[in-house]
Amino acid sequence: MSSSPRPALPALPLLQADCANCFALCCVALPFAKSSDFAVNKAAGTPCKNLREDFRCGIHSRLRDQGFQGCTVFDCFGAGQQISQVTFEGRDWRTHPGTRQAMFDAFPVMRQLHELLFYVDAALGLPAAAPLHPALRTLLTRTEALTRADADTLAALDVPALRQEINTLLLKASELARAKSPGRKKNHHGADLMGARLAGADLRGANLRGAYLIAADLGRADLRGADLIGADFRDTNLRDADLRDTLFLTQAQVNAAQGNAGTRIPPTLTRPAHWA
């Protein structure tokens, strides 16, 4: 007797930024404060001074040199084009100013939904988490459906509740996957490791969820199988480190770190241009 076919998963929206199909929402909707990441202050809903009329950045190739390092690190997980082309059906906030506030309010919500889709999809790719795959598929389908909601529905969503529901499964998936790593697994969940000297450390299967690794030295460290959800990699030295098969590593985390040609990253991620 043949087994019943596995239910088909919904086609996911693109979970990578497609700036050519976005109305520069990250450059307008979000605020930023003058700091090492941004050269100026900008209020939410105010276009960045570097934004051109065609929704492109006027200093895109010189962002780091001009003091806008934070822009090179940000990743909307594809929420920008989803809001621009799906939620608002190609109506931009300049030509249709009546969409402005609703669009800017919906964008951060969509970004969180896309981020959650990224993590759930990654968990579904873990063979060790197979017992959780049915529940993960259910949450993936629910979350994907929300990305097609109208702006008012998006603004009213209880995203923290959905995030908690998904995080419970992601934690279990992480435990199952990390159990396959050899040796004793280090637990640095939420740890303050800013500036820590961890060069050459064996961090295979480690729990680094939410760890503060700002300016830490992880050169030559082995991070295979480590859970990296929410780990802060700003200016972290990852030169010659091994991040293959890490769990839940994002492009934004990679972009925030310092690496080189010897840094090994998952094939689904792109090597940042600023890495030596």
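Q: Is Arg-204 buried, partly exposed or exposed in this model?
A: Relative accessibility decides the class, and the buried class ends at 20%. In this predicted model, Arg-204 has 25% relative accessibility, so it counts as partly exposed.

Q: Which residue forms a salt bridge with Arg-204, and what is the distance between the closest N and O atoms?
A: A salt bridge needs a side-chain nitrogen within 4 Å of a carboxyl oxygen. Arg-204 pairs with Asp-222, and their closest N and O atoms are 3.9 Å apart. The pair links distant parts of the chain, with the two positions 18 residues apart. Both partners sit in the loop between helix H6 (159-178) and helix H7 (251-256).

Q: Is Asp-222 buried or exposed?
A: Apply the 20% limit again. Asp-222 has 14% relative accessibility, so it counts as buried. Its partner Arg-204 is partly exposed.

Q: Which residues are linked with Arg-204 and Asp-222 in a network of salt bridges?
A: Read a network residue by residue. Here Asp-202, Arg-224, Asp-242, Arg-244 and Arg-264 are linked with Arg-204 and Asp-222.

Q: How many salt bridges does a search of the whole structure find?
A: The count is 14. Two further pairs serve as examples. Arg-234 bonds with Asp-232 in a salt bridge whose closest N and O atoms are 2.7 Å apart. Asp-54 and Arg-52 form another, at 2.9 Å.

Q: What are the accessibility classes of the residues in these two pairs?
A: Take each partner separately. Arg-234 is partly exposed at 36%, whereas Asp-232 is buried at 15%. In the other pair, Asp-54 is partly exposed at 41%. Arg-52 is partly exposed too, at 40%.

Q: Where do the mean positions of the positive and negative charges of the protein lie relative to one another?
A: Average the places of each sign, then take the distance. The protein has 32 positive and 27 negative charges, and their mean positions are 5 Å apart.

Q: How many helices and strands does the protein have?
A: List the elements from the N terminus. There are seven helices and zero strands, in the order α-α-α-α-α-α-α. The radius of gyration is 20 Å, close to the 19 Å that the globule rule gives for 276 residues, so the protein is as compact as a globular protein of that length. The C-alpha trace spans about 60 × 60 × 30 Å along its principal axes.

Q: What share of the residues is buried, and what share of the contacts is between residues 24 or more positions apart?
A: Burial is a share of residues. In the protein, 47% of the 276 residues are buried. The contact share covers contacts with a separation of 6 or more, and residues 24 or more positions apart account for 45% of them.

Q: What supplies the exposed surface of the protein?
A: Split the area by atom type. The protein exposes about 13,700 Å², and carbon and sulfur atoms supply 52% of it.

Note on methods. Residues are numbered from 1 along each chain as its sequence is written. This is a predicted model: local features need pLDDT of at least 70, side-chain atom pairs count only at pLDDT 80 or more; totals for chains, interfaces and linings use all residues. Side-chain values use heavy atoms; hydrogens and water are left out. Helices (H or I, at least four residues) and strands (E, at least two) are DSSP runs, numbered from the N terminus. The radius of gyration is taken over C-alpha atoms; the globule rule is 2.2 Å times the number of residues to the power 0.38. Buried means under 20% relative accessible area, exposed over 50%, partly exposed in between (1.4 Å probe, protein chains only). Contact means heavy atoms within 4.5 Å. Accessible areas come from the Shrake-Rupley method with a 1.4 Å probe; for residues, only the protein chains shown count as cover. Lys and Arg count as positive and Asp and Glu as negative; His and the chain ends are not counted. The place of a charge is taken as NZ of Lys, CZ of Arg, CG of Asp or CD of Glu.
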